[in-house]
Structures are given as C-alpha cells and as structure tokens.
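This report walks through a few strands and one side chain. Keep the sequence and the structure open as you read.

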Amino acid sequence: MMEITFSEEVFDLDFHPSDARVSAGLINGDLLLYRYNSDCIPERLLKVQAHKESCRAVRFVNEGRAILTGSPDCSILATDVETGSAIIRLEDSHGAAINRLVNLTESTIASGDDEGYIKVWDTRQRSCCNSFNAHEEYVSDMTFSTDYTKLLGTSGDGTLSICNIRKNRVETRSEFSEDELLSVVLMKGGQKVICGAQTGAILLYTWGLFKDCSDRFVDLSPHPVNALLKLDEDRVITGSENGLISLVGILPNRIIQPVAEHSQYPVERLAISHNGKFLGSISHDRKLKIWDLDDLLRNSGHTAKNGLAAAADKDSNEMDVDASLQKSSKGTKRKPSNQGQGFSSSDAFFEDM
C-alpha cells in the first residue's frame with residue numbers, strides 16, 4: 001500500500017487515464033499531481049493553487065492532458081498537466097457551489113452543484129451542451145449509461161434522476177427515498193442502478209422502473225455509504241462512514257468481505273487506476289491511500305481484472321471544514337428559480353483547450 005500525506009484535507013481524487021499519475025483536490029483550493037510506483041514513494045509533480053475556496057472535484061480530461069477542478073466559488077478551472085499553468089477558467093459555470101465532476105465519454109464531462117443542477121460539457125465542441133434542473137438539493141454523484149445516452153444523478157433530496165442528453169430534459173426522477181442518496185453505479189449490464197444511502201443501505205433500481213427501488217440491501221452497516229466503485233457486473237466496492245472499504249456482491253446481495261480500513265474517519269471517495277491494478281481512497285485523515293487490488297481481493301478468492309468495468313463509471317479531532325459544504329436534511333434547501341438556466345459564458349469554456 002502506498003500513502004500520500006497532505007497538509008490539508010483531501011476532497012477528491014482521480015487517476016490519469018493512461019499512466020501512473022494521480023491527482024487530488026484539497027480543502028484549501030490546492031490541486032496536486034503525483035506519480036506513483038509500488039516500488040518507491042510517490043513523487044509530487046505539481047502543486048497549483050487552483051481555487052481561492054476548496055477544490056471539491058477533480059477529473060482528468062482530453063486524454064489526460066488537462067485536469068478540471070470544481071469549487072464552491074462556482075468556477076471550473078482547466079490546468080495543463082505538464083506545466084501546471086491555467087488553460088482557462090470559467091468563473092460562473094454554475095449558480096451554486098460545484099460538488100461533483102464525472103467523466104461521461106472521452107469528450108464529455110458532467111458537473112453537479114449544491115442546488116441540484118447538472119451540466120454536461122463537450123470538450124470536443126468546446127461548449128456546454130446540456131443543463132438540467134435535476135434535484136432539490138446538492139448533487140452527490142453521477143454516472144452515465146452509454147447504451148441509453150442517459151445521465152443518472154443522486155442527491156441529498158433522496159432522489160435518483162435520469163437525464164436524457166439527446167432531448168436535453170430530465171426524463172424521470174424517483175420517488176423520495178427515506179434518506180439522502182450519496183453514490184451511484186450501473187451494474188448487471190446496465191440493467192441495475194445501485195445507490196448508496198445515508199442510512200447505510202444499498203438501494204437497487206431496475207432500469208426503466210425508476211420510481212421506486214426494486215430491492216434494498218441493509219446488511220452492510222448502519223453508516224452512510226459515501227462511495228461506490230464497480231468492480232465487475234456482480235461486485236461493487238463500497239466506502240463507508242466508518243472508514244471501512246468492503247467488497248459487496250449484488251444479486252445475490254451479500255457482504256463478501258471487508259477488504260481494507262482507511263482510517264477511523266469516513267471514506268469519502270474511491271477511484272481506480274487506468275490498468276485496474278490500484279484502488280485509491282481518501283478520508284478526513286489528510287491521506288490518499290493507494291492499495292494493490294490483487295492484494296486486497298486475494299482473500300476473497302478473486303483477483304482484479306485488467307481494465308475493470310469501474311473505469312467506465314469513472315471520480316485530528318478538529319477536522320477542517322469547507323464552510324459551504326452542507327449535506328442538509330431533505331427539504332431544507334431550495335433552488336432560486338433563476339439559477340442554472342441557460343449557458344451564457346459557459347458555452348465557450350473549452351475554446352482554448
């Protein structure tokens with residue numbers, strides 16, 4: 001296991017799409033890039049003050065030539081991977097704090113904010129191509145169905161949204177669940193949508209039947225499931241509030257085994273390397289841990305497969321706190337009706353990339 005210790009709390013991580021580099025965004029707005037190797041200590045390649053406020057979201061784009069970061073300052077920054085220089089910054093990409101960035105295809109990414117809006121950005125066309133008023137509260141996670149060209153989002157309002165990119169509309173939204181939905185992946189050949197919940201339950205939705213979940217797995221733990229990472233069509237890796245990383249089987253639903261413990265603090269994000277060999281995790285302990293997947297899974301009787309399907313879904317006692325990061329209870333946050341409608345200056349974001 002490799003370990004990178006930071007001076008501040010880590011909010012997000014992402015692995016480079018083709019080589020052994022990993023990026024991290026910190027609560028103080030810093031963006032850092034490291035080269036990792038199991039035979040030596042990770043080497044820092046870049047440190048950039050990307051935002052004045054926290055750097056909540058990090059994603060490689062353009063085949064790994066640039067890194068996008070999102071912040072509560074409502075801006076998205078594109079940074080050159082080789083030089084660390086700013087390519088372009090969009091100051092008003094959203095009307096509220098950006099909470100999540102996810103890759104959809106080689107040329108598109110999605111961003112979600114604290115007021116429930118989701119936008120899709122096309123790096124090839126160099127424009128913002130979709131904007132969805134998807135949720136009542138913050139967007140916690142997103143994933144993309146390539147088969148149906150639909151973007152799925154989860155939210156603190158307890159709903160799952162299905163956004164039709166071709167028709168530029170929110171196609172459907174689930175009924176309100178009992179608690180906040182924090183994470184989402186697609187499994188079983190895209191026929192099952194798996195969501196991690198605040199109560200520790202894992203909710204299963206059947207594709208096309210999104211109004212209510214078809215199954216609920218409650219045996220994992222009573223702690224929030226902050227992160228889900230698809231290992232294959234039958235198994236998912238979970239990151240929970242109690243610091244445990246577990247391997248869980250889906251249909252049949254079962255805990256295969258806990259595979260690691262990051263720390264006593266919540267696991268906030270999980271990511272997988274480009275070759276499927278390494279698992280990355282972050283928590284409130286200011287550490288990014290890089291685990292050898294084969295080592296983690298050996299006791300379960302399985303080994304990691306190269307090019308894991310997860311790549312397709314591909315994101316002290318006095319802890320540092322992002323003052324604008326608020327995972328509120330259902331119904332306490334509402335969007336101003338004039339925010340997030342239309343693209344304005346967003347359209348030209350990728351013009352110089």
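## Entry point: a bridge between two strands

Start at Leu 13. Its bridge partner in E3 is Ala 24. The model is predicted, and the features below are read from that model.

The two strands behind this bridge are E2, residues 10–15, and E3, residues 21–26. E2 and E3 pair in the antiparallel sense, over 5 bridges. They form a hairpin, with 5 residues between them.

## E3 and its faces

How many residues of E3 are buried? The count is 6 of 6, so the strand is mostly covered; buried here means under 20% relative accessible area.

The side chains split into two sets. Arg 21, Ser 23 and Gly 25 point one way from E3. Val 22, Ala 24 and Leu 26 point the other way. Residues in both sets are buried. Ala 24, the bridge partner of Leu 13, belongs to the set with Val 22 and Leu 26.

## From E3 to E4

E3 also pairs with strand E4, residues 30–37. This pairing is antiparallel too, over 5 bridges. Ser 23 has Leu 33 as its bridge partner in E4.

E3 and E4 form a hairpin with 3 residues between the strands. In that hairpin, Gly 29 takes a positive phi near 95°.

## Asp 14 in E2

Go back to E2. Asp 14 lies in this strand. Is Asp 14 buried or exposed? Its relative accessible area is 1%, which is under the 20% cut-off, so Asp 14 counts as buried.

Where does the side chain of Asp 14 reach? It reaches the backbone nitrogen of Phe 60, at 2.9 Å. That distance is within the 3.5 Å limit for a polar contact.

## A second set: E19, E20 and E21

Now move along the chain to strand E20, residues 202–206. Why is E20 described as largely enclosed by the rest of the structure? Because 4 of its 5 residues are buried.

E20 has pairings with E19 and with E21. Strand E19 spans residues 192–197 and runs antiparallel to E20, with 5 bridges joining them. Val 193 has Tyr 205 as its bridge partner in E20. E19 and E20 form a hairpin with 4 residues between them. Gly 200, in the turn, has a positive phi of about 95°.

Strand E21 covers residues 215–217. E20 and E21 pair in the antiparallel sense over 3 bridges. In E21, Asp 215 is the bridge partner of Leu 204.

How values were computed. Residues numbered from 1 in each chain as written. Predicted model: local features only at pLDDT ≥ 70, side-chain atom pairs only at ≥ 80, totals over all residues. Heavy atoms only, no water. Buried < 20%, exposed > 50% of the residue type's maximum accessible area, 1.4 Å probe, protein only. Pairing = 2+ DSSP bridges. Polar contact = N/O pair within 3.5 Å; in protein donor to acceptor, adjacent residues only side chain to side chain.
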